[in-house]
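The following exercises are to be worked through with the sequence and the coordinates at hand. Each task is followed by a solution in steps.

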Amino acid sequence: MGSDLPGLGPARLWAARKFPYLATGLFGAPVTADPGSGTVSVDRRWRMLADPDLTARWSAAELGSVLVHHVCHLIRDHSGRASALGVGPPESPRWIRAADAEINDDLIPAGLELPGSPVTPADFGAREGKLAEEYFEMLGQARVVPSPSAWFDCGSGADGRHQDGPGDEDGLSDAQADLLRRQVARDVARAGREPGAVPSGLLRWARDVLSPQVDWRRLLAAELRRAVADVAGAADYSYRRPSRRAPSSPAVVLPALRRPVPELAVVCDTSASMTPELLEMALAEVSGLLRGLGLARRLRVLACDTAVGPAQRITKAREVTLFGGGGTNMGAGIAAASALRPRPSVCVVLTDGYTPWPGQAPRGMRVIAGLLGPDAPDAPPWARAVRVTPDHP
């Protein structure tokens, strides 16, 4: 296996000039000649292998484009995503086509000059701008499947399936690959400040890497289940009913074990800065989650701006009457919830975050803050915070 690939220098130079925001990845992935392989591939340790007999037929723009294409397999972690999806040997060619479509729908319009017939979403009747996972599903249903290019076998860096070759100690470790991936994301995001300088899909990828989006519904469900389980799992002794062991000790009054059933309350911020649509969406999620836990009949809702309305017992979100529209003080709502009888063990506060908070947590009541909107200020450290973001089509 040779170490030099003819034409590599001009190809890298073309790629770095055409896609300067990918230059860190281009020069961070070593390229080695691999005679007789018949392809250009990349492994999970960021090492590229290229057959010089194949690449000798390509121009600097074509070889540079293939290098860019393979770097995009690496920065988008197609290997890890294939493993997470459970892609096996039979599905590997379909996954690589889907991953290729995810890359090419962005970069071919930006000037990528791939040799052969590169896969695009139009080849199987799909729209552009989707993820490889979506294209993978569509390809499984497509009647017309695009043919692979001459350099189709992209390697373990694209499908996570093939074993890496000799010299596994070479290349980048997982930590080094992650650092390089994040540096490329920063370069892409910086270039994206100029409108039209970076393809939109690549810019979305960079923003997701630098500021990963978490499904707020999952977080909210997890926090509610954790809070309910903590309370429901607690047990204490009570003299309100006799112990089952009382007959064995008639001279002694024994307490019985009591397992409390959680009471919940929701405080809804109804100040003038609130978005009604976002509040309704969040309240519907809370109601649905509690219904799934079998606790919907114990849900009480308090509408609060600076004043607090009477508690409303609800089983569905649409039953809530939201009134207010003045200033905001969620401390008043939390205090009102704590004063309810029976006292709630869990309080969910739905707010845009522009509110004064109590200096410390209320005694005997857990607080989950549902912060509505991506720009909501942080909740106090004693509250469990979940950022609720609007749905986008």
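**Exercise 1. A small sheet and the helix across it**

Task: For the open sheet of three strands in this predicted model, establish the strand order, the edge strands and the helix that lies across the sheet.

Solution. Step 1: the three strands form an open sheet with the order β1-β3-β2, and their pairing is mixed. Step 2: β1 (31–33) and β2 (40–42) each have a single partner strand and therefore stand at the edges, with one side of each left without a neighbour in the sheet. Step 3: on average, and with direction ignored, neighbouring strands of this sheet are turned by 20 degrees against each other.

Step 4: β2 and strand β3 (residues 48–50) run antiparallel and are joined by three bridges. In this pairing, V40 stands opposite A50 in β3. Step 5: the helix in question is α4, which lies across β1, β2 and β3 and runs at about 25 degrees to β2.

**Exercise 2. Helix α9 and its surroundings**

Task: Compare the length of helix α9 (residues 174–191) with expectation, and determine how its buried residues are arranged.

Solution. Step 1: helix α9 has 18 residues, so at 1.5 Å a residue it should span 26 Å, the expected span being 1.5 Å times one less than the number of residues. The end C-alpha atoms of α9 are 26 Å apart, which agrees.

Step 2: under the criterion of less than 20% relative accessible area, the buried residues of α9 are A177, L180, R181, V184, A185, D187 and V188. Step 3: seen down the axis of α9, these residues fall within an arc of 160 degrees, so they line one face of the helix. The face turned away from this buried side carries the exposed residues A175 and L179.

Step 4: the packing partners of the buried residues of α9 are α2 (23–28), α4 (60–75) and α10 (200–210). Step 5: the contact can also be read from α10, whose buried residues pack against α4, α6 (92–107) and α9. Those residues of α10 are G201, L202, L203, W205, A206 and V209.

**Exercise 3. Strand β9 and its two pairings**

Task: Decide how far strand β9 (residues 346–351) is enclosed, and describe its pairing with β6 and β10.

Solution. Step 1: six of the six residues of β9 are buried, so the strand is largely enclosed by the rest of the structure. Step 2: V346, V348 and L350 point one way from β9, whereas C347, V349 and T351 point the other way.

Step 3: strand β6 (residues 264–269) pairs with β9 in the parallel sense over five bridges. C347 in β9 is the bridge partner of A265. Step 4: β9 and β10 also run parallel and are joined by six bridges, with L371 in β10 as the bridge partner of T351.

Step 5: V367 belongs to strand β10 (residues 366–372). V367 counts as buried because its relative accessibility is 5%. Leaving aside residues up to four places away in sequence, V367 touches I334, C347, V349, P362, W382, A383 and R384. Thus C347 and V349, which point the same way from β9, are both among the contacts of V367.

**Exercise 4. Backbone exceptions in loops**

Task: Which backbone features set W46, D77 and the peptide bond from R341 to P342 apart, and where do they lie?

Solution. Step 1: the reference is that most residues other than glycine have a negative phi, and most peptide bonds are trans. Step 2: W46 is not a glycine, yet it has a positive phi of about 70 degrees. W46 is found in the loop between β2 and β3 and is buried, with a relative accessible area of 1%.

Step 3: D77 likewise has a positive phi, near 55 degrees, and lies in the loop between α4 and α5 (78–85). At 34% relative accessibility, D77 counts as partly exposed. Step 4: the peptide bond from R341 to P342 is cis, with omega near 0 degrees; P342 is found in the loop between α13 and β9.

**Exercise 5. The chain as a whole**

Task: Summarise the secondary structure, burial and contact range of the chain.

Solution. Step 1: the chain has 13 helices and eleven strands. Step 2: of its 393 residues, 49% count as buried. Step 3: among the contacts with a separation of 6 or more, 63% come from residues 24 or more positions apart. Step 4: the chain exposes about 19800 Å², of which carbon and sulfur atoms supply 52%.

Key: Residues are numbered from 1 along each chain as its sequence is written. This is a predicted model: local features need pLDDT of at least 70, side-chain atom pairs count only at pLDDT 80 or more; totals for chains, interfaces and linings use all residues. Side-chain values use heavy atoms; hydrogens and water are left out. Helices (H or I, at least four residues) and strands (E, at least two) are DSSP runs, numbered from the N terminus. Buried means under 20% relative accessible area, exposed over 50%, partly exposed in between (1.4 Å probe, protein chains only). The arc is that of the directions from the helix axis to the C-beta atoms. Contact means heavy atoms within 4.5 Å. Two strands pair if DSSP finds at least two bridges between them. Axes are lines fitted to C-alpha atoms, for helices over the stretch in contact, and angles run from 0 to 180 degrees between N-to-C directions. Accessible areas come from the Shrake-Rupley method with a 1.4 Å probe; for residues, only the protein chains shown count as cover.
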